[in-house]
Amino acid sequence: MAIKVRLKEILEQRELSQRKLARKTGLTPNTINHYCSENIDRVHLSTLDAICKALEIDLHELLVFEDDKELNEV
């Protein structure tokens, strides 16, 4: 199992830019860009909290489990 951060997908659905989310959260644009990346391997709880609060979502909407088998088929 792998954990996926759905931030990029959520921002696209809401037509919200990474820069605008950075301003809304007080995080740097680089941090937001990192969390939108497919290659993220570490997260900070305070960052996840800020993102969830700014987007008014629960953590389970931002982080999802993906089956490794599905990842290899893509």
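Which elements cover the buried residues of α1? In this predicted model, the cover includes the strand β1 (2-5) together with the helices α2 (18-25), α3 (29-36), α4 (45-55) and α5 (59-62). The helix α1 itself spans residues 7-14, and its buried residues are L7, I10 and L11. These residues cover an arc of only 100° around the axis, and they therefore lie on the same side of α1. An α-helix has 3.6 residues a turn, so residues three or four places apart point the same way. The face of α1 turned away from the buried side carries the exposed residues E12 and Q13.

A similar description can be given for α2. Here L21, A22 and T25 are buried. Seen down the axis of α2, the buried residues fall within an arc of 105°, so they line one face of the helix. On the other side of α2, the residues R19, R23 and K24 are exposed. The cover over the buried residues of α2 includes α1, α3 and α4.

T25, a residue of helix α2, was examined further. Its relative accessible area is 17%, which is under the 20% limit, so T25 counts as buried. A polar atom of the T25 side chain lies 3.2 Å from the backbone oxygen of A22. When residues up to four places away in sequence are not counted, T25 touches I32, A50, I51 and A54.

Positive phi values occur at several positions. After α1 comes E15, with a positive phi near 50°. E15 is a residue other than glycine, and it lies in the loop between α1 and α2. With a relative accessibility of 77%, E15 counts as exposed. Just after α2, G26 takes a positive phi of about 85°. E56, also a residue other than glycine, has a positive phi near 55°. The loop between α4 and α5 holds E56, and at 71% relative accessibility this residue counts as exposed.

The largest nonpolar core has 20 residues, of which L7, L11, L21, I32, I51, L55 and L62 touch the most other members. At least two residues of this core come from each of α1, α2, α3 and α4. The helix giving the most to the core is α4, with 6 residues. Among the residues named for their core contacts, L7 and L11 are also buried residues of α1, and L21 is a buried residue of α2.

The surroundings of L62 were listed separately. Leaving aside neighbours within four places in sequence, L62 is in contact with K4, V5, R6, L7, I10, L48, I51, C52 and I57. Of these contacts, L7 and I10 are buried residues of α1. I51, which is in contact with L62, is also touched by T25.

Two cysteines were considered with respect to burial and disulfides. C36 counts as buried at 8% relative accessibility. C52, one of the residues in contact with L62, counts as buried at 10% relative accessibility. A search of the whole structure finds 0 disulfides.

Methods:
Residues numbered from 1 in each chain as written. Predicted model: local features only at pLDDT ≥ 70, side-chain atom pairs only at ≥ 80, totals over all residues. Heavy atoms only, no water. Buried < 20%, exposed > 50% of the residue type's maximum accessible area, 1.4 Å probe, protein only. Helix = DSSP H or I, 4+ residues; strand = E, 2+ residues; numbered from the N terminus. Arc of directions from axis to C-beta. Contact = heavy atoms within 4.5 Å. Polar contact = N/O pair within 3.5 Å; in protein donor to acceptor, adjacent residues only side chain to side chain. Disulfide = S-S within 2.5 Å. Core = buried A, V, L, I, M, F, W, Y, C linked by side-chain atoms within 4.5 Å.
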